[in-house]
Amino acid sequence: AIAMGTLTQHLLSRFAPAVPYTMAVLLEGFLLDLLASVNNEGRLNSMQQSLKMWADIDGHLVLYAFLPALLFGDVMSLNVHVFEKVFWQALLLAGPGVVMGAGATAVFVKWLLPYDDWSFSLCMTLGSVLAATDPVAVVALLKAVGASATLTMQITGESLLNDGSAMVLFTIFFDVARDKTYSASDVVEFFARMVFVSPILGFAIGAIATYWMSRASSLHSESDTLVQLAITLCTAYLAFFLGESTVKTSGILTTVAAGLVLAYRVWPFVVSHDALENVWHAVEYLGNTLIFALAGVLTRRATFSNAIRPREYYYCLVLYLGVVLIRGVMLVLLYLPLKNLSAYGVSPRDCAFMVWGGLRGAVGLALALFVKQILHSNTNDRDEERGDRFLFYVAGIALLTLVINAPTSGFVLKTLRLIGIDKEEFALVESVRQRVTAAARKEYRRACLRFDHDAVDILDHVDALRELRGTREATPVRSTKQQFASKKLLYHKVKFAHASIRRQLKRGFAAFYVAAHYGTGLPASSSSSERRTVPRSFSVALLHADDDENDDDEAIAHVDSTVALREIAGLLKKNNDAYCHEGVTHGYEVKRLEARVAALCGGAQNAAKDPCAYCDAQRLAHLRETFLRVLKSQYWAMIEEGELPRKAVATLALLHSVDSALDDADAELNDYHYLRSTVERDVGHQCWDRVFDAVDSCLPSWFDADNELHEQLNYRTHEFVYYALRGFCEAHGRAQSKIDEFFGAFGGGETTATTTTTFMDTVEEVTVVLESARQVQIAAVCLDAVAPKLKESVKSNIIADSVIEVQHETIHALITQGILTPVEAEAVLEELKVQEARVKAMRAARIRLVAQAAVDETFQRSHRTRGHVIKTLVDDDDIEQRLGGDAAEVKRAKKLAHQVLSQSQLNVASSSVSDDTIVAATPTAEAKEESVL
């Protein structure tokens with residue numbers, strides 16, 4: 001049942017979120033038992049035996065095993081403030097409302113059913129079961145349809161309380177039906193014990209649990225988290241058991257009361273909210289799955305019982321309509337009291353949905369199963385028929401409410417306009433969309449600069465980026481390179497300019513730099529704190545950049561100073577190398593580390609080649625283990641950041657390589673050794689290549705499906721190689737910096753293009769980083785050999801995932817902060833799901849396109865090996881010579897290659913600075929710098 005329910009939950013969440021989960025599981029249990037009822041030549045297989053055992057389960061066992069956890073989990077998540085406001089409404093419906101509904105249902109049953117052996121007491125027993133709504137089914141429904149908090153609490157509160165009053169009526173009238181007599185004092189005593197003793201006992205148990213949880217509330221103790229989880233589970237089952245079995249009161253009301261105490265008091269000192277909520281969500285999910293699958297089995301057996309004839313199906317349908325009508329009449333009669341008992345009130349539309357949303361389910365089935373088992377124990381054929389029919393009517397109405405009412409509740413809410421957003425909320429949602437769009441564009445720019453790639457191929461698939469097409473914002477890498485090229489050109493012009501124009505150039509350059517990095521709106525009366533953020537020479541130059549007549553002004557004299565020129569040029573030169581990079585931190589240079597080892601070893605000649613001989617073996621092994629743990633944490637950080645795909649095999653291979661290297665920490669770092677066989681393998685000459693070649697030789701030449709699948713696998717292999725190599729180099733570079741930062745000698749560091757070092761001061765520290773750097777050096781060579789277009793494809797994937805994830809995080813942050821409700825965010829989240837599907841389809845289409853091009857007969861005749869087909873397609877522009885000058889073949893090949901490359905081409909039409917300007921920015925092109933300036 002759990003496996004079946006898990007598959008159902010997965011499919012419903014993806015393809016049919018409007019279908020209630022409990023209804024689907026009940027129908028699956030029904031069909032499973034129907035299929036298992038096929039005759040097996042008198043023998044029962046294991047599935048049939050299991051279903052028979054579950055179908056014969058005691059009704060009390062169902063209540064004891066499932067109901068405490070399901071009730072307590074729902075009560076723990078209640079908004080106690082709202083529950084206090086609607087308590088008297090819920091109590092009115094759970095008390096007089098249940099009595100009215102049970103009495104009217106009993107009269108209707110006595111009139112409808114032509115059974116002479118059904119006494120009025122037994123009809124009242126059936127009426128008490130059908131009058132109470134099922135809290136498990138109702139709560140699951142309200143969570144699915146997204147009703148308002150007030151309406152949800154009104155219906156949920158009624159469902160949690162009316163089971164207690166229904167149990168009172170059920171117990172009294174079922175005992176009377178079995179010829180047990182009650183005096184007036186017995187009824188009053190029983191009612192008082194059920195109604196008053198149950199809450200008192202529940203409050204006492206809840207108070208004890210609250211005190212215990214407060215004593216186990218250390219924020220930094222893992223054991224306290226476990227203790228608090230165990231306390232809540234114990235409270236749920238102990239409250240139900242003590243109330244139902246020991247004190248002989250209502251276990252349902254006792255559990256509800258205990259849960260209310262915890263919901264009101266314990267949340268501020270819960271150690272881990274996420275852990276507690278996740279555990280209880282899992283318990284509720286498992287309980288719902290099992291109890292409704294069991295309900296489906298019981299319903300199937302009840303509907304196919306020998307005591308059930310075609311007329312019973314008719315009576316069940318009429319009884320279902322009567323129960324819905326009776327509940328509607330009851331709410332009409334109680335409408336005025338309901339409206340005045342709470343500050344929230346109640347509207348006719350609310351009452352209409354209360355009628356339609358009153359589901360019956362597992363609790364009623366457990367009571368009906370108990371009635372059937374008691375009547376069957378009398379060994380009387382008439383009593384057995386009564387028991388079967390009793391269970392049939394309860395199971396039938398539960399099935400009809402779950403199959404008819406539950407799926408249509410969302411439609412009813414929309415028709416009654418009880419869900420949705422008004423104009424003010426719609427304006428808020430539009431504001432949220434703008435905020436999400438701004439966050440997505442900001443992340444797009446950051447990610448593009450991070451990976452040195454303009455992912456213009458994803459613009460049409462992400463709504464927040466669609467308007468960027470054709471603008472400079474679509475190509476932040478290109479725009480940034482142009483901007484820094486202009487700065488670099490100006491820097492060199494200032495450096496080599498003639499003395500007569502140097503002052504003017506310096507003044508203009510200072511203004512340009514301040515405008516680019518600090519904004520253009522610096523007021524003349526900036527405060528001292530503001531002036532500290534901008535160098536004084538820059539701010540003065542900006543204010544007087546166009547004032548050519550003030551040559552004798554103190555500010556201009558300050559700009560002319562050698563200090564100002566050195567300050568301007570130094571900061572610009574420092575930033576030139578870091579504005580936009582490949583996104584892979586290769587760590588420290590091997591030569592520099594070898595020189596450091598030699599220096600620490602007193603200039604020994606062989607120190608760089610064999611530094612381990614100069615190290616303490618135990619300390620070196622400990623540092624290697626530390627480095628590998630840091631490396632693994634960096635892999636996990638890259639997974640969280642989206643730079644390593646969670647589903648990629650390469651991610652798993654990287655994590656396993658660290659585990660393997662930890663087994664041999666006494667030897668030199670060798671985690672790359674465990675990746676070498678996969679990242680340096682000859683793609684196109686693997687085992688599956690021989691299998692595909694063998695299959696292809698048996699198929700006709702016009703059949704290309706197997707070849708396309710083969711090339712898709714090869715493409716995936718290339719992706720795996722790139723992800724593994726890039727992740728390896730990046731994580732090792734980060735880990736080297738962490739080791740340097742923690743173990744290095746502070747104060748004497750130096751700065752590189754990517755890191756600022758404190759620099760290690762022991763041979764063991766440098767040796768570990770050197771071993772890592774040597775591995776990175778080998779991996780970097782392989783990484784550079786990856787086809788550039790394949791790199792761009794993978795980078796586009798990472799950037800797309802990052803942009804969509806930022807949008808998700810922005811929305812969920814607004815929900816967490818209380819600015820947005822889940823209902824208001826639903827539309828935006830649905831739009832993001834559509835965008836995710838589009839991006840996924842884009843990737844699949846790109847892979848299929850490459851595979852289709854790879855198996856084209858034109859390329860097959862080019863005599864290239866399979867291992868070079870993908871690389872050639874995405875990285876080879878010289879096709880004409882390879883195809884022997886055949887004009888038709890050349891045209892066809894270029895068309896296919898253009899299709900492959902078109903998704904990653906940059907939109908250069910919006911460029912305002914020519915490529916010559918970028919070339920001119922290099923320090924060696926002085927003549928071209930002069931002409932461009």
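**Note on a predicted model: surface patch, cores and two buried residues**

1. Helix α13, which covers residues 310-333, gives the most to the nonpolar patch, contributing three residues. The patch lies on the surface, has an area of about 370 Å², and is made by M100, L325, V329 and L333. Please keep in mind while reading that this is a predicted model.

2. One member of that patch, M100, has its place in helix α5, which runs over residues 80-112. M100 has a relative accessible area of 31% and is therefore described as partly exposed, since that label belongs to values between the 20% limit for buried residues and the 50% limit for exposed ones.

3. Turning to the interior, the largest nonpolar core has 109 residues, and those with the most contacts inside it are W118, F353, F390 and Y393. Helix α17 gives the most to this core, with 13 residues. There is also a second, separate core, which has 77 residues and includes A447, A455, Y588 and A787. As background for this point, in soluble globular proteins nonpolar side chains tend to be buried together.

4. F353 deserves a closer look, as one of the residues with the most contacts inside the largest core. When residues up to four places away in sequence are not counted, F353 touches L142, L151, I155 and S409, and also V412, L413, L416 and L418.

5. Where is N405 placed? The residue sits in helix α17, which spans residues 381-415. N405 has a relative accessibility of 1% and so counts as buried, because the cut-off for that word is a value under 20%. Setting aside residues up to four places away in sequence, N405 touches Y320, W356, L359 and L400. A further comparison concerns N405 and L141, which are 264 residues apart in sequence while their C-alpha atoms are 9.8 Å apart in space.

6. T249, by contrast with a helix position, is found in a loop, namely the one between α10 (222-246) and α11 (251-265). Is this loop residue buried or exposed? T249 is buried, because its relative accessible area is 1%.

7. Which backbone oxygen does the side chain of T249 reach? The side chain reaches the backbone oxygen of R193, at 2.7 Å. R193 also appears among the residues in contact with T249 once neighbours within four places in sequence are left aside, and the others in that list are M194, V197, S198, L201, G243, E244 and T254.

Note on methods: Residues numbered from 1 in each chain as written. Predicted model: local features only at pLDDT ≥ 70, side-chain atom pairs only at ≥ 80, totals over all residues. Heavy atoms only, no water. Helix = DSSP H or I, 4+ residues; strand = E, 2+ residues; numbered from the N terminus. Buried < 20%, exposed > 50% of the residue type's maximum accessible area, 1.4 Å probe, protein only. Contact = heavy atoms within 4.5 Å. Patch = residues over 30% accessible without salt bridge, like charges linked within 9 Å, V, L, I, M, F, W, Y side chains within 5 Å. Areas by Shrake-Rupley, 256 points an atom, 1.4 Å probe, with all protein chains shown as cover. Salt bridge = Lys/Arg side-chain N within 4 Å of Asp/Glu carboxyl O. Polar contact = N/O pair within 3.5 Å; in protein donor to acceptor, adjacent residues only side chain to side chain. Core = buried A, V, L, I, M, F, W, Y, C linked by side-chain atoms within 4.5 Å.
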